[in-house]
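Biologist: I would be grateful for a close look at the nonpolar interior of this model. Please describe how it is made up and then follow one part of it in detail.

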Amino acid sequence: MRAVLIGSATYRDDYQDLDLIADQDFASALISRFPERKIADRETSRGSAYALISELDVIVEIFVPKPGTAHDVALQMEHTQKRNILGQEVLIPDLPILAALKKAHLIAYHKWDRHIREYGKIKELLGIKVFKPVEYGEQIERIFKLHRQEIKNEVKKHPKLKVGKDQFFEEAEFKIFDHDSIHRAIALGSVPAYTLMLDGEVWCSRDKWNVLSQEDKLRCVIEESAILALERSIIPALYLNRQFMGAQWAYEYALSKVCTSITSGFFREWAIEHWAEAIRSRPDYVSKFFEGLKTSLIKVLKPDVVGIGSD
Amino acid sequence: MIEKTENQEISNSETEIKTVPAAEVEYLEKYLKICERFIGRSINLLIATKELKILNTQYRKLVKKTILRQEVMGSTLWEPDDDYGWVSSRNCY
């Protein structure tokens, strides 16, 4: 029988639940102790998940991973620390294992707000600002890569980006203003940050990205989040009778999308690792948008929607 | 407050450039600020609605009727898994 405690209970006293990865024998033994308190079970592509409420009214989630999965690798690894939980001895993994698992699934939106904050907490405990799995050994990198691929298989595919930009955006109802001109209006520097990584037809040149300063990379993430917030929240609220939750909420939600489903590769990895800075550095992008309208820097594509030439 | 001018639509021979009337931009900016204060709970719905009425009175003759808003906004736009329209060219491999 073997179980490893993962999640915030490994490093917090104020944890909300207990997350265990375990073999089937351990899971069956624990469930048999609380048969009337089992609240759920489900099969997933990566293993079997069970949930029960313990005698202390703490929710215990037990995941029995399939062989060869990232959680299975983590379960089989050597762990030196142990703790007694619910009368059972469980193993406590080192922080890099937790960081690798957490980082791997941050591309999925599920409970994202909580997970990104916990990821920041783990990095803080490790005394680092950026977590690079490879720096913690082959096994940590293996867990990260395995779990990232597992999550990628489960989340939605990214939109195909080989189609022309115009074709891509043309039908969107919120395309009321020219996208590039909004970028110019909200730019934090003299030019929109994304133009610093353009290389001819290549939208994201890795070579150009690699030589950008940290400040310019942060500007790229901030401006990307701000324009998404404008196009998906502020502008529809103003012109399409849609509701919104305010500029802060729109920006933070857009940033979560940047970190999960709408960007990928090195841009997304950087955004995830610097999420806290991007949150703290939210600009007054709505005022910049209005200023862009006043100065005609922002081009109107749908005059009828904004009411030009009617009434 | 910006006065509404006659020449709010600017054209040139190459491309017709449409400009949102300055008074309308100003109105929407002020409207959004009321909504933000309501969302941030620095004012309640009653006060926000009262402020919106005052704003509408100020701008009634400066902006088109269709621009004037009758309600304070303050609820969610996105569904949790709604990815429609969420695109970015920052997919970097």
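**The nonpolar cores and a helix pair**

Modeller: In this predicted model, the largest nonpolar core comprises 100 residues, and A:Phe177, A:Tyr239, A:Tyr285 and B:Tyr27 have the most contacts inside it. The element that gives the most to this core is helix H9 (residues 214-239) of chain A, with 14 residues. Apart from it lies another core, of 21 residues, which includes A:Ala3, A:Leu5, A:Phe26 and A:Ile85.

A:Ile85 belongs to strand E6 (residues 81-85) of chain A. With a relative accessible area of 9%, A:Ile85 falls under the 20% limit and therefore counts as buried. Beyond its neighbours within four places in sequence, A:Ile85 touches A:Leu5, A:Leu18 and A:Val90. Of these contacts, A:Leu18 is 67 residues away from A:Ile85 in sequence, yet their C-alpha atoms are 9.1 Å apart.

To return to B:Tyr27, its contacts, leaving aside neighbours within four places in sequence, are B:Leu52, B:Leu55, B:Asn56, B:Tyr59, B:Val63, B:Ile67, B:Leu68 and B:Arg69.

The helix pair in chain B follows. Helix H1 (residues 22-39) and helix H2 (residues 45-59) of chain B have axes that come within 9 Å and cross at roughly 170°. Because this angle is over 145 degrees, H1(B) is roughly antiparallel to H2(B). H1(B) contributes residues including B:Tyr27, B:Tyr31, B:Ile34 and B:Phe38 to the contact, while those from H2(B) include B:Leu45, B:Leu52, B:Leu55 and B:Tyr59. By class, the contact has 10 nonpolar, 1 polar and 4 charged residues.

Key: Residues numbered from 1 in each chain as written. Chains lettered and ligands numbered in written order. Predicted model: local features only at pLDDT ≥ 70, side-chain atom pairs only at ≥ 80, totals over all residues. Heavy atoms only, no water. Helix = DSSP H or I, 4+ residues; strand = E, 2+ residues; numbered from the N terminus. Buried < 20%, exposed > 50% of the residue type's maximum accessible area, 1.4 Å probe, protein only. Contact = heavy atoms within 4.5 Å. Core = buried A, V, L, I, M, F, W, Y, C linked by side-chain atoms within 4.5 Å. Axes fitted to C-alpha atoms, helices over the stretch in contact; angles between N-to-C directions. Parallel < 35°, antiparallel > 145°, perpendicular 65-115°, else oblique. Nonpolar A, V, L, I, M, F, W, Y, C, P; charged D, E, K, R; others polar.
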